[in-house]
Amino acid sequence: MAEHVFDPPERCVAGSVGPPGGRTFFLQATDGQRVMTVSLEKEQVRLLGESLAEMLDDVAGPDGTEAAGQAFVDNAPLDTPIEDDFRVQRLSVAWEAGQRRVVLEAFDRPEAEDVAALEEDGEETAELPWAGLPPQSIKVVLEPGRARAFAMRCTASIEGGRPSCPFCGQPLDPTGHICPRANG
C-alpha cells in the first residue's frame, strides 16, 4: 500500500472548486514541495469536520478549543494545480492520547469486507476506479489546535453552496427545483 504520511504537515486544508451545485471538494496536505490532494464528497467533508469537532470537545481540553484553533486558521485557497491523487472512499479519525494528537486517514477504497460484499451482490468490481491499482492512503497527524482549525475550515468549505428550499431543505438549483413538500 502506498501510504502518504504528513506528520506534521506544513498545511492541511479542505476546500472546494467550482460553482454552487457543481463543486468538487478536496482535502490537501503539504510538506515542503510535496503536495497531496484527494477529492471527497461534500457529505464526507461535513462529517469529517463535525467528527473532529466532537472528538476535540471530548478529549483535547483547552488545546482543542475554537479559541486555540484560531491561531492556526488558514483561509488561503488550495494550492494549484488542483488534481486529485485519488478519490476518498473511506475516512478514519483517531485520537492518540499518549501523543495528544489527531490522526486523520483517507483511503482510496472501502474496507475489504465491503468490496467482497459488492462482489457477492454481483457488482463488477473490475470497473471500480481503483481496480488494478495498488491501494493508496493519506495519513495526516495534527496537534489539537491545528485539528480544530482544520475542522473549522471543513465547515467553512461546505458553506456558500446553493441556498436551501425553505419547505423541504433540499438545495435550490438556479434552473429550478421540484419540491416534494410543495407537490412539485
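# Close-up views of a predicted model

Helix H4 is mostly covered, with 11 of its 15 residues buried (buried means under 20% relative accessible area, exposed over 50%, and partly exposed in between, using a 1.4 Å probe and protein chains only). This is a predicted model, where local features need pLDDT of at least 70 and side-chain atom pairs count only at pLDDT 80 or more, while totals for chains, interfaces and linings use all residues. Residues are numbered from 1 along each chain as its sequence is written, and side-chain values use heavy atoms, with hydrogens and water left out.

**View 1. The whole protein chain has four helices and eight strands.** Helices (H or I, at least four residues) and strands (E, at least two) are DSSP runs, numbered from the N terminus. Follow the sequence and you meet the pattern β-β-β-β-α-α-β-β-β-α-β-α. Of the 184 residues in the chain, 35% count as buried. Its accessible surface comes to about 10,400 Å², and 49% of that belongs to carbon and sulfur atoms (areas come from the Shrake-Rupley method with a 1.4 Å probe; for residues, only the protein chains shown count as cover). Among contacts with a separation of 6 or more, 64% are between residues 24 or more positions apart (contact means heavy atoms within 4.5 Å).

**View 2. One open sheet lines up its four strands as S1-S8-S7-S6, with mixed pairing.** Strands S1 (2-6) and S6 (90-96) stand at the edges with a single partner strand each, so one side of each has no neighbour in the sheet. Neighbouring strands here are turned by 15° against each other on average, direction ignored (axes are lines fitted to C-alpha atoms, for helices over the stretch in contact, and angles run from 0 to 180 degrees between N-to-C directions). S1 and strand S8 (residues 136-142) run parallel and are joined by five bridges (two strands pair if DSSP finds at least two bridges between them). To find your place, look for Val-5, which stands opposite Lys-139 in S8.

**View 3. Helices H1 and H4 both meet this sheet.** H1 (residues 42-59) lies across S6 and strand S7 (101-107), and runs at about 15° to S6. H4 (residues 144-158) packs on the sheet and touches S6, S7 and S8, its direction making about 120° with that of S8. From first C-alpha to last, the 15 residues of H4 reach 22 Å, close to the 21 Å expected at 1.5 Å a residue (the expected span is 1.5 Å times one less than the number of residues). The buried residues of H4 include Ala-147, Phe-150, Cys-154 and Ile-158.

**View 4. A second open sheet of four strands has the order S2-S3-S4-S5 and mixed pairing.** Its edge strands are S2 and strand S5 (86-87), each pairing on one side only. H4 turns up here too: it packs on this sheet, touching S2 and S3, and its direction makes about 5° with that of S2. Strand S3 (residues 24-31) is mostly covered, with six of its eight residues buried.

**View 5. S3 takes part in two hairpins, one with S2 and one with S4.** S2 (residues 11-17) and S3 pair in the antiparallel sense over seven bridges, and Ser-16 has Phe-25 as its bridge partner in S3. Six residues sit between S2 and S3, and in that turn Gly-18 has a positive phi of about 115°. S3 and strand S4 (residues 34-40) are also antiparallel, over seven bridges. Thr-30 stands opposite Val-35, and Asp-31 has Arg-34 as its bridge partner in S4. Here two residues lie between the strands, and Gly-32 takes a positive phi near 65°.

**View 6. Several loops hold backbone details to look out for.** Most residues other than glycine have a negative phi, and most peptide bonds are trans. A cis peptide bond joins Asp-7 and Pro-8, with omega about -10°; Pro-8 is in the loop between S1 and S2. Thr-80 and Pro-81 are also joined by a cis peptide bond, with omega about 0°, and Pro-81 lies in the loop between helix H2 (66-70) and S5. In the loop between S6 and S7 you'll find Arg-100. Its phi is positive, near 55°, and at 35% relative accessibility Arg-100 counts as partly exposed.

**View 7. Asp-108 sits in the loop between S7 and helix H3 (112-120).** Asp-108 is buried, with a relative accessible area of 7%. Its side chain and that of Arg-109 are joined by a polar contact of 3.0 Å (a pair of N or O atoms within 3.5 Å; within protein, one must be able to donate a hydrogen and the other to accept it, and residues adjacent in sequence count only if both atoms are side-chain atoms).
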